[in-house]
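Biologist: I would like to go through this structure with you slowly, asking at each step how a label is earned. Could you show it to me before we begin?

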Amino acid sequence: MRILGIETSCDETAAAVVEDGAKILSDVTASSVKEQEQYGGVVPEVAARRQVEYIIPVIEQALTPDIDVIAVTIGPGLIGSLLIGTETAKTLAYVWQKPLVPVHHIIGHIYSAWLTGKPEFPALVLTVSGGHTELILMRDHGEFEQLGATRDDAAGEAFDKVAQILGLGYPGGPEIEKLATSGDPNTFDLPRPMLTSDDYDFSFSGLKTSVRRYLTSDVRYPDLAASFQQAVVDSLVGKTMRALAKFEVQSVLLTGGVSANQTLRNRLKNEVDNAAESNSAVAGVKFFCPPMKYAMDNATYIAAAAYFNFDRWVLPRDKSLFLTPKPNFKITTP
Ligand code: KG4
Ligand code: ZN
């Protein structure tokens with residue numbers, strides 16, 4: 001089954017053709033992120049205008065012959081951006097008379113793990129992006145139980161805001177990661193909010209305030225960046241390992257834009273691998289994290305998600321033309 005995936009939830013305009021959920025035939029992404037840098041974050045109106053400009057050329061470039069299905073992100077995301085993708089997808093589905101599959105953006109991110117691997121169920125998923133930080137128990141395709149989430153800022157949002165405090169560019173995650181490589185993560189004793197709380201939730205807004213408090217003229221920025229990054233990684237990894245000890249799973253997945261962070265990747269992989277070796281209760285559990293380019297927003301995982309959930313999510317033909325975006329889409333099966 002050849003699926004054309006379309007992703008326009010934020011400042012990326014992406015289209016990809018994926019066969020049977022794993023074979024990537026094309027993968028094209030345009031972005032307004034460079035332009036957004038001057039504002040220190042994404043301006044929705046600017047993002048939507050670029051979506052309008054990019055969508056047709058991006059799809060034209062990604063298109064291969066013999067498309068069977070069209071899949072599109074319907075939320076969560078910016079309404080103006082989402083509308084461009086959904087209206088285009090609806091039109092193509094109507095003109096080509098093809099089935100249309102709506103996809104949840106974060107669930108899409110999760111399926112990036114299937115592009116290069118075959119995770120077994122149940123799977124514990126840590127999904128971390130600019131707008132989301134969630135721990136999800138995935139018992140099977142299409143079955144997502146939210147174990148915990150951030151109570152305030154998302155992990156990526158914390159990276160972006162701290163980068164802004166330190167006078168770095170947008171998006172902040174890669175900038176902080178770069179700066180942190182020459183810093184000592186043990187310099188500042190920043191808080192690990194909720195690390196010991198009896199749940200699977202996160203909180204990152206206090207951390208940002210602490211960074212601001214340490215910001216004096218003689219502080220070494222690399223040390224502050226490294227200490228901040230360490231605090232975020234400790235929180236994310238700590239709660240994930242806590243969930244791993246509680247729920248019987250076969251796989252641990254790390255997905256979303258923040259999973260591009262090497263410190264986070266390596267730490268979680270090491271802890272999961274060590275637990276799988278030394279703790280009989282989680283013996284054999286495997287760690288999956290997609291290659292960096294699939295961690296960032298793109299359309300390959302939208303097509304993959306649609307493939308593995310086709311029967312569950314596909315719209316009846318007469319409903320396709322009435323599809324509308326869901327900017328506040330919660331994690332349940334679409
Ligand atoms: O998944 P994504 O591309 O878009 C959303 O769905 O939000 O994630 C973007 C987020 C941004 O907040 C960005 O700062 C963060 O991912 N990010 C990183 C890194 N690369 C991107 N955070 C930490 N370290 C990175 N290397
Ligand atoms: Zn995303």
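Biologist: In which strand is the place of A14?

Modeller: A14 has its place in strand β2, which runs over residues 12–19, and please keep in mind throughout that this is a predicted model.

Biologist: Why does A14 count as buried?

Modeller: Buried means under 20% relative accessible area, and A14 has a relative accessibility of 0%, so A14 counts as buried. Leaving out residues up to four places away in sequence, A14 touches G5, I6, E7, V28, T29, V58, N298 and A299.

Biologist: What makes V95 count as exposed, and in which helix is V95 found?

Modeller: V95 is found in helix α3, residues 79–96. The cut-off for exposed is over 50%, and V95 has 58% relative accessibility, so V95 counts as exposed. V95 also helps to make a nonpolar surface patch of about 640 Å², together with L63, Y94, W96, L321 and F322.

Biologist: How do you know that K90 forms a salt bridge with E87?

Modeller: The rule asks for a side-chain nitrogen of Lys or Arg within 4 Å of a carboxyl oxygen of Asp or Glu. The closest N and O atoms of K90 and E87 are 3.0 Å apart, and the pair forms a salt bridge. Both residues lie in helix α3, 3 residues apart, about one turn of the helix. In general, an α-helix has 3.6 residues a turn, so residues three or four places apart point the same way.

Biologist: Are K90 and E87 buried or exposed, or in between?

Modeller: K90 is buried, because its relative accessible area is 9% and the limit for buried is under 20%. E87, at 37% relative accessibility, counts as partly exposed, because that class takes in what lies between the limits for buried and exposed.

Biologist: Why can one say that the salt bridge of D201 with R151 ties together separate parts of the sequence?

Modeller: The closest N and O atoms of D201 and R151 are 2.8 Å apart, and the two form a salt bridge. D201 lies in the loop between α6 and α7, while R151 lies in the loop between β8 (143–149) and α5, so the pair ties together parts that are 50 residues apart in sequence. D201 is buried, with a relative accessible area of 16%, whereas R151, at 54% relative accessibility, counts as exposed. R151 and D201 are also linked with D199 and K239 in a network of salt bridges.

Biologist: How many salt bridges does the rule give in the count?

Modeller: The count comes to 19 salt bridges. Another of the pairs that form a salt bridge is D153 with K161, whose closest N and O atoms are 3.3 Å apart.

Biologist: How many residues does the largest nonpolar core have, and which helix gives the most to this core?

Modeller: The largest nonpolar core has 47 residues, and those with the most contacts inside it are F228, L236, L244 and L268. Helix α8 gives the most to this core, with 12 residues. Setting aside residues up to four places away in sequence, L236 touches L126, V128, T133, A155, F202, F204 and L264.

Biologist: Why is α8 said to be largely enclosed by the rest of the structure?

Modeller: Of the 26 residues of α8, 21 are buried, so α8 is largely enclosed by the rest of the structure. Its span can be checked too, because at 1.5 Å a residue α8 should span 38 Å, and its end C-alpha atoms are 38 Å apart, which agrees.

Biologist: What makes the peptide bond from G75 to P76 and the phi of D66 worth pointing out?

Modeller: Most residues other than glycine have a negative phi, and most peptide bonds are trans. The peptide bond from G75 to P76 is cis, with omega near -5°, and P76 has its place in the loop between β4 (69–75) and α3. D66 has a positive phi of about 60° although it is not a glycine, and D66 lies in the loop between α2 (44–62) and β4. At 61% relative accessibility, D66 counts as exposed, because the cut-off for that label is over 50%.

Technical notes:
Residues numbered from 1 in each chain as written. Chains lettered and ligands numbered in written order. Predicted model: local features only at pLDDT ≥ 70, side-chain atom pairs only at ≥ 80, totals over all residues. Heavy atoms only, no water. Core = buried A, V, L, I, M, F, W, Y, C linked by side-chain atoms within 4.5 Å. Buried < 20%, exposed > 50% of the residue type's maximum accessible area, 1.4 Å probe, protein only. Helix = DSSP H or I, 4+ residues; strand = E, 2+ residues; numbered from the N terminus. Contact = heavy atoms within 4.5 Å. Expected span 1.5 Å × (residues − 1). Patch = residues over 30% accessible without salt bridge, like charges linked within 9 Å, V, L, I, M, F, W, Y side chains within 5 Å. Areas by Shrake-Rupley, 256 points an atom, 1.4 Å probe, with all protein chains shown as cover.
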